Amino acid sequence: MVQQEDPVSPPSRILHVPCFDLCVLVVMGFSTPIDVDYFKKCMEQTIIKHPRFSSLLDIKDKKRYKFAWKRTRVNIDDHVFVPDIDPNMEYPDKFVEDFTSDLSIKPLDFSKPLWEVYILNLKISDANSVAVFRIHHSMGDGVSLTSLFLACGKKACDPESLPVLQTKKREVLKPRKLTDRFGLWFWSSLLTFYYTLIESIKDLATLTFLKDTNNPLRQPKLLDQARNRYVHRIISLDDIKLIRKALNTTINDVLLGATQFAVCEYLKKQYESCGEANKNSIDFIKNRRIRFAIAVNLRDSMSVEGLSDVMEKGKELEPGKWGNIVGSYTIPLKKFDDPLDYIRDVKATMDKKKMSHSPRVQNFLMRLVMVLFGAQAAARVTRGLFSSLTVGVSNVVGPLEEIILFGHPVCYISPTARGFPLGLIMHYHSYDKKMIISMAANEQLIRDPHELCDYMQKYLENVKQIVVQSLGGK
């Protein structure tokens with residue numbers, strides 16, 4: 001029975017244009033085997049009551065890509081699947097990777113709400129069972145979906161309480177004198193205008209002519225339909241916090257520094273194999289333009305309690321909180337001799353980027369293009385910006401403690417995406433005392449993405465040793 005309709009937002013509409021059709025994949029590891037019937041029952045009591053997960057995509061005008069979310073009755077058996085697998089197979093971790101990669105290239109069924117779950121009762125190195133969620137990106141971005149999963153769960157240490165999502169707290173020092181306050185406001189406004197202008201000009205140049213140099217990681221158009229391989233690596237969040245505190249940076253700065261190091265080492269190995277780089281040379285990076293697209297959340301922090309009320313009490317979604325509300329920064333790849341310089345340089349670069357409102361300018365211009373020229377034009381512009389770059393990076397903050405989701409204790413959450421015109425996409429997702437680094441790598445470009453994970457892990461271990469030594473072994 002149809003209950004109501006909600007118009008699909010402009011950012012979500014462009015995600016249905018064939019040239020920019022995106023899908024979210026979330027691989028969740030659980031501490032225990034999954035009781036399928038109980039898992040389904042818990043889903044019926046929570047996530048199915050969310051408006052997006054109980055709505056069909058109703059096509060209003062196919063040529064103009066105008067859609068609406070139409071509420072419908074959901075049959076859980078149409079969305080939760082249990083493949084017949086051998087629980088004693090020889091290489092279970094590789095099986096999960098292959099299964100996720102194969103699943104990512106299959107189209108979703110638009111005759112039902114655009115999400116599916118595949119339960120694999122298979123013991124792997126990081127968990128005793130796995131659930132693979134496949135959700136169309138138009139239903140929500142990483143921040144929206146993470147908040148929703150938390151609203152569906154409970155704390156493992158207190159099954160009656162909702163999980164806590166860490167929020168950023170910024171301390172702002174305000175001068176006492178009125179003249180000093182005005183001077184600070186004027187100077188910060190001037191810097192914001194300057195950096196917004198510069199970054200917006202760079203975005204326009206990237207869209208029109210400033211493309212990245214061809215390199216072993218940049219995805220050519222002919223490989224757009226190639227399959228991705230999805231892998232993850234779990235590292236200690238406490239180690240990252242130790243480095244962050246010692247270098248006075250953010251967790252994101254530390255991870256970006258590690259990612260830059262890993263990409264440099266990978267490219268160096270590729271260029272050395274074809275004689276284009278000397279082992280002690282950094283010119284192979286200096287002479288090439290290689291950039292990262294850093295996803296930026298443009299909304300205020302979402303309320304887990306608010307989403308819980310949406311499912312339990314039937315409240316409406318908060319305007320401007322749910323959906324795809326993102327922009328991006330662009331940063332260049334650099335190589336350094338001192339391992340700590342990767343993090344220091346990222347911090348200096350990101351401090352300037354954060355003073356810019358260019359991601360909001362991007363979002364505004366995308367909506368303007370859609371109004372003036374339609375969804376197809378907006379999708380081509382958005383895709384054109386990403387296809388000019390080499391690596392995509394996203395960071396989503398997860399729960400502060402272990403959670404129970406759909407009646408089962410969670411080991412890790414590894415989100416990723418399919419459909420971006422990038423050869424490599426990195427996702428950082430915190431969970432309890434863990435940091436899960438997920439990679440979506442084009443199989444035609446990157447034969448072994450685990451190699452990049454190894455580089456990141458070794459880099460962080462090395463930097464931790466340097467930091468500990470500098471602190472006197474504490």
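**Reading aromatic ring pairs**

Colleague: Where should I begin: is Tyr 118 buried or exposed?

Modeller: Tyr 118 is buried, its relative accessible area being 14%, where buried means under 20%, exposed means over 50% and partly exposed lies in between, using a 1.4 Å probe and protein chains only. Phe 81, at 26% relative accessibility, counts as partly exposed. This is a predicted model, in which local features need pLDDT of at least 70 and side-chain atom pairs count only at pLDDT 80 or more, while totals for chains, interfaces and linings use all residues. Residues are numbered from 1 along each chain as its sequence is written, and side-chain values use heavy atoms, with hydrogens and water left out.

Colleague: How many aromatic pairs are there, and how is a pair described?

Modeller: A pair of aromatic rings is described by the distance of the centres and the angle of the planes. Rings of Phe, Tyr and Trp (its six-membered ring) pair if their centres lie within 6.5 Å, and planes under 30 degrees apart count as stacked, over 60 as edge-to-face and the rest as tilted. By this rule there are 17 aromatic pairs. Phe 81 and Tyr 118 have ring centres 5.2 Å apart and planes at 25°, so this pair is stacked.

Colleague: Which residues form an edge-to-face pair?

Modeller: Tyr 342 and Tyr 459 do, at 6.0 Å centre to centre with 85° between the planes. Tyr 342 lies in helix α10 and Tyr 459 in helix α13, so the pair ties together parts 117 residues apart in sequence; helices here are DSSP runs (H or I, at least four residues), numbered from the N terminus. Both Tyr 342 and Tyr 459 are buried.

Key:
Helices (H or I, at least four residues) and strands (E, at least two) are DSSP runs, numbered from the N terminus.
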